[in-house]
Each structure stands twice: as C-alpha cells, then as structure tokens.
Amino acid sequence: MTAASMAGVAGAPQFAFGQSAGGKTLIKVFMRGGADGLHLFPPVGDPIYYQHRPNIAIEAPLDSDANTALNIGDSYRAMNPNLEPLMEIWNAGRMMVAPSTALEEGNRSHFDNQRWIGNGARSNLIDGYLNRYMQSVDGVNDPLRGAVLGKTNMSAEAAGNIVVPAIQDRDGFNLRNNNFCAGNGCADNQLTELMREISSHPVVEDTMEASVRENQVIMVESIAQVQEAGENYVTNANGLEYSNSRLGRGLRLAAQLLKAGVPLEVAAIDWNIGWDTHSNQIPGGTNRFADQTFGYHRRMREGATDFLTFYRDISTIIDDVVVLVGTEFGRTVIENGSRGTDHGYSSTWFAFGGPTGPGVGPDITTLDVNSLYRNRFTPIRTEYKDLVAEIMVRHMNMPEQLVSTIFPYHTFTNHILFNRSS
Amino acid sequence: MTSAVQLTAGGTADGVVAATGQTLFGGVMDPMTFDMVTVSVAPSGRTFNVDVAPDTGQFATRLFPEDFASGPARVTLTAASSADANVTSQPISYEFEAGRVVDGVSQALSRITYGPTADLYSRVRTIGFEAYVNEQLDPDNIRNAAFEGQDFDSLVRNLDNNFFRLANAEMSHRMAYAAFSEKQLQEVMGEFWSNHFFASTKDTQVFEQNIIDRQFFRDNAFGRFEDLLLYSARSPLMSQFLDNDQSRAGRLNENYGREILELHTVGVDAPYGDEDVIAVSRVFTGWNFRRTNPNANNVLHDYEFEFRADRHDTEDKEIPFLSTTIAGRSGAAGVQEGEELIALLASNPLTQNYVCGKIVQRFVADVPPANFVQTCVDAWEANDGDAGEILRAVLMHPEYISNVELQANKAKTPFEYAISAVRALGARPVNDNFFGRLREVGRAAGYDQLRFGLPTGLPEVGEAWVNSASMIGSYRRMTQIVERPGEYGIDLQGMIEDAGVQTAEEVAAFLLTIGTADRYSQEEYEAMVDVLKGEDGIFEPMARNERDAFERASGLLIVLPSFLLQ
C-alpha cells in the first residue's frame, strides 16, 4: 500500500495546510540521565573549575594534545574532546550552545524533570509540548506528523491527544503472519487490514480500549509509510554511517522520512550513553579524557558522529530541520567522592540546523561557590522553554502568541539564538 | 430438548445477560435435518446464520452491548437447512435484559493472575471470586504439583559466570513461574515488589543476586513492607546499582539516599530536600557487600551484605523532613542507624500513601482511585504493613468487582502480554527452545527486567506500553510463535475437544472468552468467526483438518485490542 492510498483516513484530506507554513521540522534529542554540562562544554576559562573538579576537569585546549578540550573560539567555554565530530558543524557556523539551560521550576529528580520538561510545565496533567504544538497549529493530517524515533517507548514530549507512533527502525516496523499473507512478498497483508478494520470501530473515548485501538490504526498506517520511505534510501554522508544506538537509529529514520518527503514536523529521539555519572566519570591512565576504550567517551563520540552523519545526510534540506539536544538537569559543580557528580540544576543544551545562529548563548561567568545555585549547582541563564519557543516561532513560523499555549504560564524571552537567515 | 431449536445456556433464569456481552449456547433436536440456525436480534436488526455441530446439535451466538442500546433485546431462532431453503423449524424467541453481572471472574483472571487458562476460567467460575482470592492469598496450601514436577528451577541451576546466559536463564525462569505456577497472585505480587525495589547489574560481577532477590520477593510477596525494604537496602545488587558501595564518610554518593526516599518509601512528592537526601545518604555510608567465594575461579561470584564501619559517617544526622535526628554511632553499631531509619520510613504515613498508590495502580487503575488508596492505607496501619492483608483489603473492596469503570481499564505490559498468550493458547514447553522467542516478546517491546537501567523499575501504566513501537515489537515476536504451534505445544484442536465446542461460533466465543476474560467486541468476534471459516466459509474441525483455521485464529487473537487489555 502506498502513502497516497491512505489519504482520507479520519475523513480529512491528506494535505490541509493551515496556520503552519509546514515543511519545517524540529527534532528534539533528550540526553536521559542528567548530562554534565560542565563536562560537555567545560569552562576552561575559569580557574575555579579546576579547584572544584581536581580529578575530572578537562584541561584547556592544546592543539598538540588530543587529551584536552577543543577550542570553539570562546574565552570561557571549550568542547569535550569526544564531541570532536561536531566541530565540522560548529565551524560551518550552524551550531549553537546554550551552556546554562534548565527548567527553572525543576528539581533534582530524573523522573520528575524528564516528565516536566516533556510536559512543558511542572505539571503531570498535561500533554507533551510537541503534542500540544501539533494540536495548536494546523498541520498536515498524516500519521507521521509527529513521531518518536529510534526507541520503543513513548516520550513525554510527544505523548498526548494526537497519537504519534514510536518507531525503533524500519526493518522492525512491519507485521506479517504467513497465515494472512497473499501475493508476492505479502503484498496483500490481510492481518494488518483486519487490524485496521477492527480498530477503526468507534468506542468510548478516553478509555484504555480507545487508546489501544487508536495506536493500532496509527501503527498500521505508519508501517506503510515507513516501509515506503525506506525503499530507495541510502545514507549520503561522505563515508559516515549511523550507529545502531537509539540516537543513530532515530536520526537515520528521520533522514529516511525527511528525504522521502514525509511531512514530519516534530520528532523525539533519545541519546542515552550513561549520563547519570555518579561515579567514575573518567577512567584512570594518561589519556583519561579521550580514551576510547572507556564506554562513556566512546559512546559520546559515537553520538557526535551520528549528529554529523545526519547533518551531512540531509545537507540539501538542512535549512528546514533544527536538531535541539537537551537533558533533564546538569550535575553538581563539585565532584563527589567517587570521581563522579550528583544531580544538579542547569546544563548544556545545543542545537544545529535551520536558522540556528552560531556561538555560545547566555552563560555564567564564574563558578565561585557564592554565585552557584544553592552553592552547589550551576545557575540558570536560559530557560529551555525559550529555546524551544524560539525555534517554533522563528523556524516553524508559529505565531508568537501561541507560546503560552505550548508552555502554559510561561512568558517568552527571545534570546535571538535562532537568527540565521537562509 | 423440548422444541426443534432452543437455547440451553446463557443469561439468568430471569433473562438477564451481562451488559458487557454474553455468549448464548443452544441446540437443535435434529442436527441431521437442521445444520444451521438463523438468528435475528431485535431491535438492533442483526440477522445471520450460525453453524450447528453435526454430532451434538450444539450452536452458539453472542449478544453485544450494541444489542441493548435501546433496551431489552429479542432473539429469534429458526433452525434451517443449508441444502433446502424451504426446510425450517418453528421460530422460537427469547427476551433478554442487560444487567450488571457482579461475579468478579473477569477481574480476578485479568488482575491477580497472568491471564486465564481454559481450566482456570471454568474453575474460577465455579468457586467464585472471593474463594479464589482467599485461596491465592494462602499460597502454602495451593496444590502446585504439576508445576513443581517440571522443576523449572533447574533453569537457573549450575550457571557459569556469564551475565548474558544468566539473564536469559533467569528470564525464562520468571516466565515459567508466571505462565505455569498455580500460585499466580504470589507471582504477580512478587514481580510487583521486585519492580518496586528495582535493581539490576551495573558494570559489576553481581549477577546471581538477580535470581536470589527475585526469589526472595516471590517467597515474601505477602510479607511485611519493612522486611522487604530492609532486604533491598542490604542487597548487593541494590548497593552496586545505586552506588551505595561507592559512598563513604567524607566522600558521599547520594544516589541511594535519594532513591530510597523518592522511589522506595515516601515518594517524590514528599517534602524532603537536598539536606534530607544528604543526611539519609550519610546514614547509609558503610552499607556495602563482600564476595564470599573470592578464590573460586570461573564460577558465579557470591556476595553478601557487609557493614564497613570504617566507611561509616559516625556524626549525628538531622533529617529535617522527618523531624528526627539519627544519633551517630561508631563501630559495628553504626549499622543500627540505617535499620532505625528504615523502621521510621517503613511506618511513615507518606510511605504508606505512596506505596499504596502503586499497589492500587497495579491492581485497580492506572490513576489510583483515592478510596482504594485509603482502604490500602487503613489495612497497612491495621496490619503493620502486612502485604497479604493489604491486598486482601484492596481486592475485597466492594467496588473492585462492581464498578464497571475499573474493568478492562488497564493494558498488559509486554511481559503480561507474552505470558497471557501462553496461557490462553495452552502453549507448553515441549522443547528446550520454548522460552527463547518468548523472552524476545518483551525485549522487542523494550521490556527487559534484567537489563533495565532506571531505578524507577519498569512502568506499570498502560500509556508506557500502548504505542505502536512497543506493540509492533511484541506482536511480531508473538506472531512468530503462533506461526509454529507444534514447536510451542499449542493444540487448539485438543483444547476445543476438551471444551466440547466445535462450530465456528462456539470456537470463536471459546477462544475469545479465554483470551480476553470474556470481554471482547462484536467486530472482534465476527472477525474470529470469519478467519475460522476461511475463504470457503466452512469450519468443520471434527470432519477435516482445520490446522490453517486454528493458526489464523491464534494469529488474530494475539493482535486483538481486547487481548491487550486487562
């Protein structure tokens, strides 16, 4: 079955552009576990950093030494050496770092903060902000308007009234039973047809049964689209390939869908490398900041390579796609007793693509204990909601007055970080 | 039989049937003449033919909620012949009213077991909800000889020091208990505690503790909360999972100190702050473990709890949100601080409330109704945190089986989905590979108890698993199983012979009743009848080989929306 044959699902035309101009995509990547912002983009310009972290602070950039941080042309911040693949995007002037970003009303719990950041407010009662975006602007009526990519569980960002699929990868996103197959290669898949018929029957809304049926319909329809999008896809990244991590799978799927013209507007992807570094954040030895036998370093580099692969792979449409990477909180400024760090407050978020302007966003200027939040955590300089909101307004052309709908109770501060003109 | 065609079962003597739908069974006096029955349902206006079993004369049909949309339903039966349209019996009519059937059978089978089997369904129907709950809460007196005879514990005997093999073996072990033990509620509750006090192997050699801890929570599923909390605090698996083995006086690691509050006891909404987390972490400094077979090579490493006084913070610890100070102690007495704190936390009302919320979420509704939580808290208070008595109070709450909004309002986790399919289809471990694909059903959906990394444990709420990626993962793997009935001991022909049903309508109703605890929709039933009859429209399992029809039926059952509900 082709995507075209699904037009008319739910009784609406397949293309119904309204308030949104369409054609733009936001990909939100979540580093689950509380990524250490001071480690990703170390404040090498601050001597206090080295006092707080005698074992794990990364040394200032030294071109001749791969075991030091990378120079990003900023007097205070540098880049973790394991993120080196991102330098290509950085040097192209298409990447931004917001080093002190947080959910202002957040706390120190992974699970609360992930949920609240996903919901867009300290509330358990509302849908995810990406879902609320889809509800608030008229978009394309398509089962793949929004999606969770690369993993099997729903993300709080994308969950809500508009049901979106979670797709781990193309190969696994299919369902056939030999006893219900006819035609070459199961061209006539009677099982998914039966499922569609059964699940399309209306039932009482807001029940678990309704949710199961709605997800089945979305599943059957997304199967067809994903299969079709992948048919002629090749990764075109100058020799790079995606990894088989959640991030790699998710970005690869996003590239497949976008390059096939699927009207994907919002996607949620996870980048989990073991960010919850309570202990042993670095290995021993002489090459302790870049040693690729150490899993944390290796997976960080693998992720950075996935971002670069994606950046190259979609180079012809990079103006239409913003990738925003964030986490639920940063970590304690002072290292703990086991060469690790505990739960903190603000952390480093970064973005690339679309109108992302180059450089370092609002930042702290000192790690002096007296300027820290509760004397322990890096304070907030950017509310994450403002990053998302600016992308929605500047990149997705969402009317600015909708920001308070996407993020209830929030007053928008425009940091002008997404101001590149294409 | 007193007339040419009549109903023999379904509904009460007063003509009341379950508003959620009910199967009606009937018979014709002369099946040689009448091989089908025309059924008309008014006022919903459905008219259709159902098959008559040639040897028994039995037939079945079903009423659905739609048939009662505007009041009572009238069912008219006319026996007929497929060979001659002029051969019909006198029509006979029955009037039915939809009523609330408060027998708790569906609720018991969906929530306190891993799903109905054909045998268990009839048994609970016979003995009733209350008797079954009481029986399940007394596991020592449950006859479990058939299960024990299969010695599934051998799956986790003689393992070598390899986590991959151990994790697979223990997953199979857990699946065997869930699928085949008669002590179903003990297994459900054991899984609950194991997930509440969740821990997994994290970059250490603490492997076997996954098996030992799960067995403890199984054996003590109806034990006292304080004992369970203390056990988990001392577990080497927990210690390495939440870094408490890294924490020492002056070099604190707050991971366990935070999670014992947030996840194990008072819950994240309790009014504790960073100072409390630090104080609690200091109390538990020195709670560690040691290897007990340090010199044995190539065998599983054995560990046991060890309190290391030299790592313990001996100062007093003020815990503001508990309005208490734990007096600091040095030497071996330092361990008493943690034991004292555990006793305090275990009896704290915030803990009762938080843990009761999770128990009610598991057994009643994803959003725990306040009255059930209160019942749970009261029972906790009255019984010193005895989990068996807490469960009895929650399950015996009158609303549990009478409030229709609490029925089929939850979704199965991928683990529950896999096990319930085994039970519904009567699959049996006829060969050594039985558990291999079955493990993948959960894993493909992102549900892997032994490799999950978050201390929250795996989510219980339906919204975590009801999404296309999770569903497609488990559907694909379960489809691979039902495509191979012989390899999994699935024998639907044998099942229907035992049950004494044989027409497409009878078999559809039977399979769906077992699969869904008798809660399924009209379109699911009609699709099931259709796939049994196949393209030629004929289903005659006593006269010809209907293997394809049975494979289609099981293939359909496992992807039906109602099969995913519980």
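**A sheet in chain B and its contact with chain A**

In β6(B), B:F25 has B:A60 as its bridge partner. I wanted to open with that pair, everyone, and work outwards from there. Please keep in mind that this is a predicted model.

So, B:F25 first. Strand β3 of chain B covers residues 22-28, and six bridges tie this strand to β6(B), with the two running antiparallel. Now, what packs on the sheet here, touching β3 and β6 of chain B? That is helix α21 of chain B, residues 504-516, and its direction makes about 55 degrees with that of β6(B).

Let's step back to the whole sheet. It is open, has three strands in the order β1-β3-β6 (chain B), and pairs them in antiparallel fashion. Why is one side of β1 and of β6 in chain B left without a neighbour in the sheet? Because β1 (5-9) and β6 (58-63) stand at the edges, and each has a single partner strand. From one strand to the next, the twist averages 35 degrees.

On to my second topic, the contact between the chains. Chain B brings 47 residues to it, and chain A brings 44 residues. On the side of chain B that touches chain A, the elements giving two or more residues are α10 (255-264), α19 (468-482), α22 (522-533), α23 (547-557) and α24 (561-564), in chain B. Which of them gives the largest share? It is α19(B), with nine residues. And for those of you thinking about chemistry: the residues on this side of chain B split into 18 nonpolar, 14 polar and 15 charged.

Thanks for listening, everyone!

Technical notes
Residues numbered from 1 in each chain as written. Chains lettered and ligands numbered in written order. Predicted model: local features only at pLDDT ≥ 70, side-chain atom pairs only at ≥ 80, totals over all residues. Pairing = 2+ DSSP bridges. Helix = DSSP H or I, 4+ residues; strand = E, 2+ residues; numbered from the N terminus. Axes fitted to C-alpha atoms, helices over the stretch in contact; angles between N-to-C directions. Contact = placed C-beta atoms within 7 Å. Nonpolar A, V, L, I, M, F, W, Y, C, P; charged D, E, K, R; others polar.
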